[in-house]
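Here are some short exercises to work through with the model open beside you. Try each one before you read its solution.

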Amino acid sequence: MIQRFNKSTLNSGVRILTETVDSVGTCAVGVFVFTGTKDETLAINGIAHFIEHLNFKGTDTRSAAEIADAIESRGGQLDAYTSKEITAYYAHILPRDIPVTVAVLADILQNSLYLEEDIALERSVIHEEIDENLDTPQEYAFDTFTRYCFPRHALGYPILGNHRSLNKIQRDDLQDFIRKNYTAGRIVVAAVGAVEHSVFAEWVRRAFEAYPYEAGKRKVRKLHQPEPFSERKAIAGNQAHVLLGRQSYSYHFSRRYSYQMIHALLSAGMSSRLFQNIREKTGAVYSIFSFLDMFTEGGLFGVYFATDRERVKESISRVFDEFEILRREKVSKKELEKVKMQYEGSLILNSESMVHRLERMCRYEFQFERFISISEIIAETRKIESEEIIALASELLDPDTYNSILFLPESEV
């Protein structure tokens with residue numbers, strides 16, 4: 001697959017990225033803003049996600065229906081999301097529709113109205129979204145665990161916010177958050193696929209050259225280590241949901257590819273150690289996987305599983321047994337090669353999606369301020385030796401550094 005990367009910057013500070021992929025006939029176009037839950041205070045928790053919703057409710061020249069119709073009537077797909085550190089607005093389209101897509105995305109970022117009736121309506125929608133999240137044991141468990149792991153830090157806040165904070169957010173709060181965080185220096189407008197950089201850059205220049213909010217840097221907030229915790233909480237339902245984890249490494253971690261390999265060894269698919277040795281051999285769990293999140297200041301690593309209430313203790317012991325094996329025993333050359341191939345294959349398969357490539361390119365721009373190709377990632381991965389896995393695992397998988405939350409059926413607490 002032939003690919004070409006280009007980058008330019010407008011006088012306003014807005015960055016333009018393109019990756020031209022000659023073998024495809026579609027294009028993913030997006031505006032990515034380096035802001036999210038991490039930039040919130042507790043009083044306005046959920047505001048970044050609230051803004052993402054409201055930016056589709058209408059501008060001076062387009063109604064909510066017209067915003068969607070401008071993309072979807074041409075066969076395109078329009079979407080958005082908010083994460084801890086990034087808010088993204090993007091579309092998967094045909095190349096002919098790049099101009100209108102750039103115009104629509106520029107319009108919603110610069111001219112959204114935030115009418116009081118729209119704020120009230122969307123507040124109600126997000127209240128329902130919060131309730132749905134609370135009624136989903138796995139989602140509720142992860143939100144609670146993350147809050148415990150990042151004390152006194154916005155990384156621990158739920159992306160949706162909570163009912164109380166959502167009710168307090170007013171129009172002035174929305175506009176103040178945008179002025180402070182939707183600044184030109186934290187915006188990337190990007191396209192991947194059948195796109196020519198010079199042509200795309202001209203469309204972006206017309207739409208974003210007069211972007212109103214000056215370039216500004218994001219504040220870095222110190223992480224605090226949590227006091228060790230082992231909590232038991234009541235939850236409706238018949239299954240226990242268990243999270244074991246700890247604060248871990250940021251995306252600047254020098255051994256991040258070895259870190260990814262440990263994650264893959266434990267949890268990459270049905271052939272992984274956790275799946276084979278705990279689910280398949282014992283039947284103790286249905287769902288089990290490790291999780292890995294990397295942010296600017298730090299990260300989160302751990303294992304989640306759901307099991308029968310009678311098998312919680314046994315399953316926790318088995319997870320830590322798997323940790324101990326990785327900490328003490330050399331990974332065979334055959335297994336390490338297999339997991340490398342699996343990781344590489346996943347990267348290549350995901351690269352068939354222009355939206356996935358768009359997200360990856362913009363994420364690396366925010367994190368490292370450069371393009372990182374799949375071939376570079378594969379080259380780095382292939383250098384990893386078993387000794388590096390053991391050295392990192394001995395630190396990362398030390399059970400004494402792990403915290404736990406057990407969500408047990410109500411009668412068991």
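**Exercise 1.** In which loop is asparagine 45 found? Work out its surroundings too.

*Solution.* Keep in mind that this is a predicted model. Start with the address: asparagine 45 is in the loop that runs between strand 3 (27–33) and helix 1 (47–54). Next, check the accessibility. The relative accessible area of asparagine 45 is 0%, and buried means under 20%, so asparagine 45 counts as buried. Last, look for what it touches. Leaving out residues up to four places away in sequence, the partners of asparagine 45 include Thr37 and Glu40, plus Tyr157, Pro158, Gly161 and Asn162. Ser165, Leu166 and Ile169 are also touched by asparagine 45.

**Exercise 2.** Find the salt bridge of glutamate 395 and say which parts of the chain it ties together.

*Solution.* First, the partner: glutamate 395 pairs with arginine 255, with 3.6 Å between the closest N and O atoms. Now place both ends. Glutamate 395 sits in helix 15 (residues 386–396), while arginine 255 is in the loop between strand 8 (239–248) and helix 9 (256–267), so the bridge ties together parts 140 residues apart in sequence. Then check the exposure: glutamate 395 has 37% relative accessibility and is partly exposed. Arginine 255, at 31%, is partly exposed as well.

**Exercise 3.** Stay in helix 15 and describe the setting of isoleucine 390.

*Solution.* Isoleucine 390 has its place in helix 15. Its relative accessible area is 22%. Partly exposed covers the range between 20% and 50%, so isoleucine 390 falls in that class. For contacts, skip residues up to four places away in sequence: isoleucine 390 then touches Leu326, Arg327, Glu329 and Lys330. Finally, try a distance between C-alpha atoms: isoleucine 390 and tyrosine 259 are 131 residues apart along the chain, and their C-alpha atoms are separated by 11 Å.

**Exercise 4.** Arginine 327 has just turned up as a contact of isoleucine 390. Which residue forms a salt bridge with arginine 327?

*Solution.* The partner is glutamate 324, and the closest N and O atoms are 3.3 Å apart. Both residues lie in helix 11 (residues 312–328), with a spacing of 3 residues, or about one turn of the helix. Now compare the two ends: glutamate 324 is partly exposed at 29%, whereas arginine 327 is buried at 11%.

**Exercise 5.** Collect further salt bridges from the structure.

*Solution.* The whole structure has 27 of them. One joins the side chains of glutamate 314 and arginine 311, at 3.0 Å from N to O. Glutamate 314 is partly exposed at 27%, and arginine 311 is partly exposed at 25%. Also look for a network: salt bridges link Lys7, Arg15 and Glu365.

**Exercise 6.** Zoom out and decide how the chain's radius of gyration fits the value for a compact globule.

*Solution.* Begin with the expected value: a compact globule of 413 residues would be near 22 Å, and the chain has 23 Å, which agrees. Add the dimensions: the C-alpha trace spans about 60 × 50 × 40 Å along its principal axes. Then count the elements, which come to 15 helices and 11 strands. Check burial next: 54% of the residues count as buried. Finish with the contacts: among those between residues at least 6 apart in sequence, 81% join residues at least 24 apart.

Terms used
Residues numbered from 1 in each chain as written. Predicted model: local features only at pLDDT ≥ 70, side-chain atom pairs only at ≥ 80, totals over all residues. Heavy atoms only, no water. Helix = DSSP H or I, 4+ residues; strand = E, 2+ residues; numbered from the N terminus. Rg over C-alpha atoms; globule rule 2.2 N^0.38 Å. Buried < 20%, exposed > 50% of the residue type's maximum accessible area, 1.4 Å probe, protein only. Contact = heavy atoms within 4.5 Å. Salt bridge = Lys/Arg side-chain N within 4 Å of Asp/Glu carboxyl O.
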